[in-house]
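Q: I would like a close look at a single part of this protein, namely one side chain and its surroundings, and then an account of the open and enclosed spaces in the rest of the model. Please take it step by step and say how far the coordinates can be trusted.

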Amino acid sequence: PTAPEDEVQWLLNECSRYLSPDVRVSRKDVLSAWRGWRPLARDPHAAPGAPASRDHVISRDPHTNVVFAAGGKWTTWREMAEELVDEVCVDFENAEPCSTTSIGLLGRDGWEPTLSVQLVQHGGVRAEVANHLSQAYGGRAWDVLALARPTGKRYPRFGIPLAEGYPYVEAEVRYACREHAVTIEDILSRRTRLAFLNAEAARDAVPRVAEIMTEELGWSEEERDRQLAHAYDYVKCFGGPIADKTEAELR
């Protein structure tokens, strides 16, 4: 799904109404634009005519007794898990309710408020990189840094950037591969957020990401070329500063 050019331009036109006349917002100021599709779930075992849900659905197949979850969104994944586990536990006598709310996320161990300072002092990375690693990985930030290669500079000593001006570093690509990342698309949009922040920067990062992933995953030349082609097509979905005015009407 790509962001329609008319909607991008409409947002720019609206911005111009509220900003100072000295600030001229133009199409080239758009670094990235995207849209997504929201899944609607319909419970196949609900009463006839029941509406599709914008939230998740937890249901039980009456024939197989299989419990399943459908729909939902990233921000409620733990709630979905809790409701699913609780529904499964109905079948078990004396089963405890789901304990997800008392279980820390991966990276909780080793995290503390001063972690970013420690990453700067002992990890030799820039403050922006340290803050990002601390927030994104928690205590696992040290595991990411263990994969970092020297920059060849006195400062920062570690943390080769994937794109100038952004805190993402090459070591994150290596770490992601060891956490089962298998596509360049995954690296650019989910393991990091580069494609959402700057489509051109993401496009420039594609070759280096492919190079690192080839080293980590042992891609053949054919697989690397396939991944490159897919990644470039994928980045085109993010409307950067160059407008695609096909079928556009707004100015």
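A: Leaving aside residues up to four places away in sequence, Met213 touches Val173, Cys177, Ala181, Val182, Thr183, Ile184, Ile187, Gly218 and Trp219. Met213 itself lies in helix 9, and because its relative accessibility is 0%, where anything under 20% counts as buried, Met213 is classed as buried. From Met213 to Leu147 the separation is 66 residues in sequence and 13 Å in space, C-alpha to C-alpha.

Leu147 leads on to an enclosed space, since that residue is among those that line the largest cavity, together with Ala148, Arg149, Gly159, Ile160, Val169, Glu170, Ala171 and Arg174. The structure holds one cavity of 30 Å³ or more, and the volume of the largest cavity is about 70 Å³. Sorted by class, the lining of this cavity consists of five nonpolar, one polar and three charged residues.

The open spaces come next. The largest pocket encloses about 1300 Å³, and of the 37 residues that line that pocket, Trp74, Ser189, Arg190, Arg191 and Arg193 are the closest to its centre. Two or more lining residues are given to the largest pocket by each of helix 4 (127-137), helix 6 (170-177) and helix 7 (184-191), and the largest share, five residues, comes from helix 4. In terms of chemical class, the lining of the largest pocket is made up of 17 nonpolar, ten polar and ten charged residues.

The second largest pocket has a volume of about 340 Å³, and its lining comprises 22 residues, with Lys236, Gly239, Ile242, Ala243 and Asp244 nearest the centre. Helix 1 (5-18) and helix 9 (199-217) are the elements that give two or more residues to the lining of this second pocket, and helix 1 provides the largest share, three residues. Its lining divides into ten nonpolar, four polar and eight charged residues. Helix 9, which contributes to that lining, is also the helix in which Met213 lies.

A second residue can be set beside the buried methionine. Asp43 is placed in the loop between helix 1 and strand 1 (56-60), and because its relative accessibility is 22%, Asp43 counts as partly exposed, whereas Met213, at 0%, counts as buried. Beyond residues up to four places away in sequence, Asp43 touches Val57, Ser59 and Phe68, and with one of these, Ser59, its side chain forms a polar contact of 2.8 Å to the other side chain. Asp43 and Ile58 are 15 residues apart in sequence, and their C-alpha atoms are 8.0 Å apart in space.

As to trust, this is a predicted model, so the confidence values deserve a careful reading, given that predicted coordinates should not be read in detail where pLDDT is low. The mean pLDDT of the protein is 92, and 100% of its residues reach 70 or more. Among the elements, strand 2 (residues 67-71) has the lowest mean pLDDT, 90, while helix 6 has the highest, 98. Helix 6 is also one of the elements that give two or more residues to the lining of the largest pocket.

Notes. Residues numbered from 1 in each chain as written. Predicted model: local features only at pLDDT ≥ 70, side-chain atom pairs only at ≥ 80, totals over all residues. Heavy atoms only, no water. 1 Å grid on protein atoms, 1.4 Å probe; cavity = no way out; pocket = protein on both sides within 12 Å on 5 of 7 lines; lining within 4 Å. Points joined across faces, edges and corners; volume = space filled by probe spheres on them. Helix = DSSP H or I, 4+ residues; strand = E, 2+ residues; numbered from the N terminus. Nonpolar A, V, L, I, M, F, W, Y, C, P; charged D, E, K, R; others polar. Buried < 20%, exposed > 50% of the residue type's maximum accessible area, 1.4 Å probe, protein only. Contact = heavy atoms within 4.5 Å. pLDDT = per-residue confidence, 0-100. Polar contact = N/O pair within 3.5 Å; in protein donor to acceptor, adjacent residues only side chain to side chain.
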